[in-house]
Amino acid sequence: MSDRMPVYLDCDTGVDDSVALAYLLASPAIELVGVGTVSGNTTAAQGARNTLDLLALAGHSHIPVAVGAHDHIDHPYDGGAPHVHGENGIGGVEVPRAATEPDPRGAAQLLLDLSHEYAGNLRVVTIGPMTNLAHALEADPALPSRVAAVVTMGGAALAAGNITPVAEANVYNDPQGAAALLAADWDVTLVPLDVTMEHVLTEEQRGMLLASERPFVRAIGEILDHYFDFYLPTYGERSSALHDPLAAVIAASGVTPTVAPRVPVTVDTSWGPGRGQTIVDLRGQRLGARDHEGVRTRVVLQVDAPVAHHLVSTILAG
Ligand code: BDR
Ligand code: CA
């Protein structure tokens, strides 16, 4: 048996999801054993197609990809974010269509099956709305007892939201899903906008991906092109935030967060102006990070390591 960490990835592929996927495939610490998709940046079905095509281009067609929830817990899918991720979710780039088709089990069932196969070792990485996780937890509340750790890109602690003043996209798209994931009894590392907006990929680093001899790595560089346009007004230059890639890097222990206290997090599931807000209890943290006893969710507030450099060098070496 491999000593690499088995990872189930739940995603809405997605430009930055594609970069995270490339990193997880390349990381020597990780064995990607399954992928489930959910509607978010694009539909769950399109996200699965994008994932299958990228995996085939990377030479990893054997990894099962299951379509998950199209609609969210308390509302239907709302059309995604084509202005951010392009009409097809991957910046309008046409990746050759793979011969592989989605695993018929569906994402929640795939996750449950993998949690038995890799009981006690499976890592779950979520980089989309958490709808599939809520379904899996509802179907089998014992799921957390078989999962070693969860790393989740989502939320905003002290930073502004990116959909509303207080809500980040993955949580806003399914507040009930996020609430279910955070209420379960497992170790969760929440990777919010506070840190994902602070680490960026530069045009020079995208150029390194474009210069690769491997078509898969070049495709990742091309997929980022549209996303770099979107972030131009935010950063004042063509570059991109590293939302999903940072979660992947932390899951693989590629970098260690500098500040990440275990603190209570609740999600606003109302239909009011706070909908989708992650309310992070940071009271009493002035003199340094202080864990709350019995709390299993840690919130990443600071990462000092050079994330983009590690990300690109790992993908290029993969
Ligand atoms: C998150 O929302 C999606 O658009 C990205 O893929 C990322 O998972 C950032 O808020
Ligand atoms: Ca995503």
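This section describes a calcium site, the surroundings of ligand 1 and two helices in a predicted model.

The calcium ion (ligand 2) is held between protein donors lying 2.2 to 2.7 Å from it. These are Asp12 (OD), Asp17 (OD), Asp17 (OD), Ile127 (O) and Asp244 (OD). Asp17 thus appears twice in the donor list. In sequence, the donor residues follow the spacing D-x4-D-x109-I-x116-D. Both Asp12 and Asp17 are buried.

Ligand 1 is surrounded by Asp16, Asp17, Asn41, His85, Ile127, Met153, Asn162, Glu168, Ala169, Asn170, His243 and Asp244. Three of these residues are described here by their polar side-chain atoms. Asn41 places one such atom 2.6 Å from an oxygen atom of the ligand. For His85, the distance to an oxygen atom of ligand 1 is 3.1 Å. An N or O atom in the side chain of Asn170 lies 2.9 Å from a ligand oxygen atom.

Helix α4 covers residues 107-117. Its buried residues are Ala107, Ala108, Leu110, Leu111, Leu112, Leu114 and Ser115. They pack against the strands β1 (5-11), β2 (30-37), β3 (65-67) and β4 (122-126), and against helix α5 (131-139).

Helix α10 (residues 215-235) has 21 residues. At 1.5 Å a residue it should span 30 Å, and its end C-alpha atoms are 29 Å apart, so the two values agree. The helix nevertheless bends by about 35° at Asp229. A proline, Pro233, follows within four residues. Buried positions in α10 are Phe216, Val217, Ala219, Ile220, Gly221, Ile223, Leu224, Tyr227, Phe228 and Tyr231. Just after the helix, Gly236 adopts a positive phi of about 80°.

Conventions. Residues numbered from 1 in each chain as written. Chains lettered and ligands numbered in written order. Predicted model: local features only at pLDDT ≥ 70, side-chain atom pairs only at ≥ 80, totals over all residues. Heavy atoms only, no water. Buried < 20%, exposed > 50% of the residue type's maximum accessible area, 1.4 Å probe, protein only. Helix = DSSP H or I, 4+ residues; strand = E, 2+ residues; numbered from the N terminus. Contact = heavy atoms within 4.5 Å. Donors = N, O, S within 2.8 Å, 3.2 Å for Na, K, Ca; no water. Expected span 1.5 Å × (residues − 1). Bend = angle between axes of the 7 residues up to and from the residue. Near = heavy atom within 4 Å. Polar contact = N/O pair within 3.5 Å; in protein donor to acceptor, adjacent residues only side chain to side chain.
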